Amino acid sequence: MKQTPLFEAHQKLNAKITPFAGYEMPLYYQDISKEHLAVRHQVGIFDVSHMGEFYIEGEQARSFVNQLVTNMITDETKKVTYGLLLNHDGEILDDLLVYTLSPNDFVLVVNASNIEKDFDWISSQNHGLVNIRNLSDEWSEVAIQGPLAEHVVANIFNDEIKNLKFMHFMQLPYQKSGVIISRTGYTGEDGFEIYASNEDIKSIWDQALSLGATPCGLGARDTLRFQANLPLYGHEIDMDIHPYVSGLKFAVKLDKSFNGKEQLIKKQETLTKKLVGIELLERNIPRQGYKVFKDDKEIGYITTGYLLPESDIPLAIALIDQDQSALENEVYVEIRNKKVKAKVRNRKFLMKNYVK
């Protein structure tokens, strides 16, 4: 198992360590609920150095990246674009962020569990057009999230970051090298991502803690993104779920060319599933993989579910038959061989608090 440069810092904080995507990562430090609430009401910091970063450069870099991803990548520098990486069958290999450093230089940030697969796929599409480097082991990343995130990040760097717009980034000098700071977030709160060298990230982590940021693990990261209705690869996104079913049509631009476009459009015509919110009507917890029934017929499964902090209503996202997706439709979730009554609802579990 690999370790991030902040592994010793996690050990000093007595973090509960768990294997994730080939890394030993903190699941929580003291309590998932407390970490969740720290991000909702104050500020938390996550070690996300396990994420993958690919650097693509060359005169044809923008056209190459545009062919790779479903969203439109312009030459607007300092912009972050969310998109999907598809194979030629129109299946989602990953969802990712594209950072436009210049019209000829791009950074793709991919999910940790897909680094090797993504890099092999992207390299296979190259044919000598661009230069591609996997910088995943050379870069580290922390995410600082919550209503007080701007205060913490401004104190580590400077007030210039207050001018940073949502889904944009800036490059700033820091110690012996520099950092990339973006304002995107994966919690539904205002938040920043800081990419730095493996050595500099340790100083940034320590400074954030000294400024009041609560260290948060993977547990709170998942409850927060779920509450904000943000999909996770392997749950609401995978090769068997069409992007439109995942609610990601906004990231698919059909007025441009990209890998898998024709197959994607073809499959759109035969979609039978839909992602919906599920609310249990009895006290229990719906977990990933639990089956959903209408009467005695299995109609789908839970992709993510929790009893969230500050709530007494168990919630879930489920992939179910489209003809059973009407709001208020009464369904059942099978939990430990018992059918628990539930209903279909919307997926707006939280009003997002991004600064735009």
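**Exercise 1. The surroundings of helix H2**

Which strands and which helix are included in what covers the buried residues of H2? Work it out on this predicted model, starting from the helix itself.

*Solution.*
- Step 1: Pick out the buried positions. In helix H2, residues 32-41, these are Glu35, His36, Ala38, Val39 and Arg40.
- Step 2: Look at what lies over them. The cover includes the strands E2 (23-28), E3 (44-47), E9 (139-145) and E13 (214-216), together with helix H7 (218-227).
- Step 3: Check the start of the helix. Asp31 acts as the N-terminal cap of H2, with a side-chain oxygen 2.9 Å from the backbone nitrogen of Ser33.

**Exercise 2. From H7 back to H2**

Take Leu224 in helix H7 and find which residues Leu224 touches, leaving aside those up to four places away in sequence.

*Solution.*
- Step 1: Judge the burial. Leu224 has 0% relative accessibility, and buried means under 20%, so Leu224 counts as buried.
- Step 2: List the contacts. Leu224 touches His36, Val39, Arg40, Phe46 and Thr187.
- Step 3: Compare with Exercise 1. His36, Val39 and Arg40 are among the buried residues of H2, and Leu224 touches each of these.
- Step 4: Add a distance. Glu189 is 35 residues from Leu224 in sequence, while their C-alpha atoms are 9.1 Å apart in space.

**Exercise 3. Two residues of one loop**

Thr70 and Lys78 are both found in the loop between H3 and E5. Decide for each whether it is buried, partly exposed or exposed.

*Solution.*
- Step 1: Thr70 has a relative accessibility of 0% and therefore counts as buried.
- Step 2: See what Thr70 packs against. Beyond four places in sequence, Thr70 touches Gly83, Leu84, Leu86, Ala251, Val252, Lys253, Lys256 and Phe258.
- Step 3: Lys78 has a relative accessibility of 30%, so Lys78 counts as partly exposed.

**Exercise 4. Backbone angles**

What is the sign of phi at Lys78 and at Glu310?

*Solution.*
- Step 1: Recall the background. Most residues other than glycine have a negative phi.
- Step 2: Lys78, which is not a glycine, has a positive phi of about 70°.
- Step 3: Glu310 also has a positive phi, near 65°. Glu310 is found in the loop between strands E16 (297-306) and E17 (315-321), and its relative accessible area of 62% makes Glu310 exposed.

**Exercise 5. The partners of Arg345**

Find the polar partners of Arg345, a residue of strand E19 (338-345).

*Solution.*
- Step 1: Go from side chain to side chain. Arg345 and Asn346 are joined by a polar contact of 3.0 Å.
- Step 2: Go from side chain to backbone. The side chain of Arg345 reaches the backbone oxygen of Lys348 at 3.2 Å.
- Step 3: Widen the view to contacts beyond four places in sequence. Here Arg345 touches Val276, Gly277, Ile278, Glu279, Leu315 and Leu327.

**Exercise 6. The whole chain**

Describe the overall build of the chain, from its elements to its surface.

*Solution.*
- Step 1: Count the elements. The chain has 8 helices and 19 strands.
- Step 2: Test compactness. The radius of gyration is 21 Å, close to the 21 Å from the globule rule for 356 residues, so the chain is as compact as a globular protein of that length.
- Step 3: Look at burial and contacts. Buried residues make up 56% of the chain, and 66% of the contacts with a separation of 6 or more join residues 24 or more positions apart.
- Step 4: Finish with surface and charge. The accessible surface is about 15800 Å², 48% of it from carbon and sulfur atoms. The 40 positive and 49 negative charges have mean positions 5 Å apart.

Definitions and conventions
Residues are numbered from 1 along each chain as its sequence is written. This is a predicted model: local features need pLDDT of at least 70, side-chain atom pairs count only at pLDDT 80 or more; totals for chains, interfaces and linings use all residues. Side-chain values use heavy atoms; hydrogens and water are left out. Buried means under 20% relative accessible area, exposed over 50%, partly exposed in between (1.4 Å probe, protein chains only). Helices (H or I, at least four residues) and strands (E, at least two) are DSSP runs, numbered from the N terminus. Contact means heavy atoms within 4.5 Å. A polar contact is a pair of N or O atoms within 3.5 Å; within protein, one must be able to donate a hydrogen and the other to accept it, and residues adjacent in sequence count only if both atoms are side-chain atoms. The radius of gyration is taken over C-alpha atoms; the globule rule is 2.2 Å times the number of residues to the power 0.38. Accessible areas come from the Shrake-Rupley method with a 1.4 Å probe; for residues, only the protein chains shown count as cover. Lys and Arg count as positive and Asp and Glu as negative; His and the chain ends are not counted. The place of a charge is taken as NZ of Lys, CZ of Arg, CG of Asp or CD of Glu.
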